[in-house]
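Hi everyone, thanks for coming. Let's have a look at this one together on the screen.

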Amino acid sequence: MLEKQIEAKVCEYAKAKGLLAYKFTSPARAAVPDRMFITQDGRVFFCEFKAAGKKPTEAQTREHQRLRQSKVNVFVIDSIPEGKVMIDVMVMGLNNAHSESAA
């Protein structure tokens, strides 16, 4: 499945759960994650979407690590079911993931 299809379905799911889902870009920094999500209680986390089986670039991995060093959750998601788990985990407040994916 294409990255944009996965991203669209997961964002649709997130919005249905009451989250804000912003396309995230930074003019001053390349390789930032694709999306920033904000829960109803104000928790923020980021997601890098990839086509099925694809991995982040080296630059993306470095940026994810930089964010994680600041205690920010960053997920790498390459399937719709995995993305839904990420959303469900973050909505439930299990905010200790800091991992490559929610699965």
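**Cysteines, core and a lysine**

Let me start with cysteine 47, which counts as buried because its relative accessibility is 0%; buried means under 20% relative accessible area, with a 1.4 Å probe and protein chains only. A word on the source: this is a predicted model, where local features need pLDDT of at least 70 and side-chain atom pairs count only at pLDDT 80 or more, while totals for chains, interfaces and linings use all residues. Residues are numbered from 1 along each chain as its sequence is written, and side-chain values use heavy atoms, leaving out hydrogens and water.

So, how many disulfides does the structure hold? Zero, taking a disulfide as a pair of cysteine sulfur atoms within 2.5 Å. For cysteine 47, the nearest cysteine sulfur is that of cysteine 11, 7.7 Å away. Cysteine 11 is buried too, at 4%.

Now phenylalanine 37. Beyond residues up to four places away in sequence, Phe37 touches Cys11 and Cys47, among others; contact means heavy atoms within 4.5 Å. Phe37 is also one of the residues with the most contacts inside the largest nonpolar core, which has 16 residues. By nonpolar core I mean buried Ala, Val, Leu, Ile, Met, Phe, Trp, Tyr and Cys residues joined through side-chain atoms within 4.5 Å.

Last, lysine 50: buried or exposed? Buried, because its relative accessibility is 9%. The side chains of lysine 50 and glutamine 60 share a polar contact of 3.0 Å, that is, a pair of N or O atoms within 3.5 Å, one able to donate a hydrogen and the other to accept it, with sequence-adjacent residues counted only if both atoms are side-chain atoms.

Methods: Buried < 20%, exposed > 50% of the residue type's maximum accessible area, 1.4 Å probe, protein only.
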